[in-house]
Amino acid sequence: SVIICTLGVFLNAIADNIQLVIISRFLIGIGSASPYICALKVIFDQFPKPKQNFYTGLTLAIAMLAMIIFSKLLEILITVYDCRIASYFLTCLGLL
């Protein structure tokens with residue numbers, strides 16, 4: 001998942017046409033969705049039925065909170081540098 005997301009971010013950084021941007025966003029979406037599905041699989045396999053709804057909601061809430069926090073950090077990074085440089089930085093972070 002991380003490799004697919006990183007590839008999508010890198011393609012987004014080097015994109016010079018709309019088709020490559022669409023492909024990059026598609027890859028980012030695929031790479032981002034699969035960890036959530038895996039988390040749901042673990043929840044439904046490891047937790048008792050009465051607790052599954054709570055942990056599913058908690059997982060989604062944590063993911064949304066992380067998205068809110070990191071989108072603000074990304075906005076600051078783009079403001080200070082450039083959109084492409086921020087994408088290159090995120091690509092390097094994904095490779096690490």
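Tutor: Contact here means heavy atoms within 4.5 Å. The model is predicted.

Student: Leaving aside its neighbours within four places in sequence, which residues is T91 in contact with?

Tutor: T91 sits in helix α4. Once the neighbours within four places in sequence are set aside, the residues in contact with T91 are T6, V9 and F10.

Student: Is T91 buried or exposed?

Tutor: A residue is buried when its relative accessible area is under 20%. T91 has a relative accessibility of 9%, so T91 counts as buried.

Student: Which backbone oxygen lies 2.8 Å from a polar atom of the side chain of T91?

Tutor: A polar contact pairs N or O atoms within 3.5 Å. The side chain of T91 has a polar atom 2.8 Å from such a partner, the backbone oxygen of S87.

Student: Which helices do the buried residues of α1 pack against?

Tutor: Helix α1 covers residues 2-14. Its buried residues are C5, T6, G8, V9, L11 and A13. They pack against α2 (18-46) and α4 (83-95).

Student: How far apart are the end C-alpha atoms of α2?

Tutor: Helix α2 has 29 residues, and at 1.5 Å a residue they should span 42 Å. The distance in the model agrees with this, because the end C-alpha atoms are 43 Å apart.

Student: What is the relative accessible area of S24?

Tutor: S24 is in helix α2. The buried residues of that helix are S24, L27, I28, G31, L40 and I43. S24 is buried because its relative accessible area is 0%.

Student: Which residues is S24 in contact with, leaving aside its neighbours within four places in sequence?

Tutor: The side chain of S24 reaches the backbone oxygen of V21 at 2.7 Å, but V21 is not part of the list asked for here. With neighbours within four places in sequence left aside, S24 is in contact with G8, L11 and N12.

Student: Which element gives the largest share of the lining of the largest pocket?

Tutor: The largest pocket holds about 1,300 Å³ of space. Two or more residues of its lining come from each of α1, α2, α3 and α4. The largest share is 10 residues, and the element that gives it is α3.

Student: How many residues in the lining of the largest pocket are nonpolar?

Tutor: The lining has 31 residues, and those nearest the pocket centre are C5, I28, S32, M67 and F70. By class, 1 residue of the lining is charged, 9 are polar and the nonpolar count is 21.

Definitions and conventions:
Residues are numbered from 1 along each chain as its sequence is written. This is a predicted model: local features need pLDDT of at least 70, side-chain atom pairs count only at pLDDT 80 or more; totals for chains, interfaces and linings use all residues. Side-chain values use heavy atoms; hydrogens and water are left out. Helices (H or I, at least four residues) and strands (E, at least two) are DSSP runs, numbered from the N terminus. The expected span of a helix is 1.5 Å times one less than its number of residues. Buried means under 20% relative accessible area, exposed over 50%, partly exposed in between (1.4 Å probe, protein chains only). A polar contact is a pair of N or O atoms within 3.5 Å; within protein, one must be able to donate a hydrogen and the other to accept it, and residues adjacent in sequence count only if both atoms are side-chain atoms. On a 1 Å grid over the protein atoms alone, a cavity is a set of points where a 1.4 Å probe fits but cannot get out, and a pocket is an open set with protein on both sides within 12 Å along at least five of seven lines; lining residues have an atom within 4 Å of a point. Grid points are joined across faces, edges and corners, and a volume is the space filled by probe spheres set on the points. Ala, Val, Leu, Ile, Met, Phe, Trp, Tyr, Cys and Pro count as nonpolar, Asp, Glu, Lys and Arg as charged, and the others, Gly among them, as polar.
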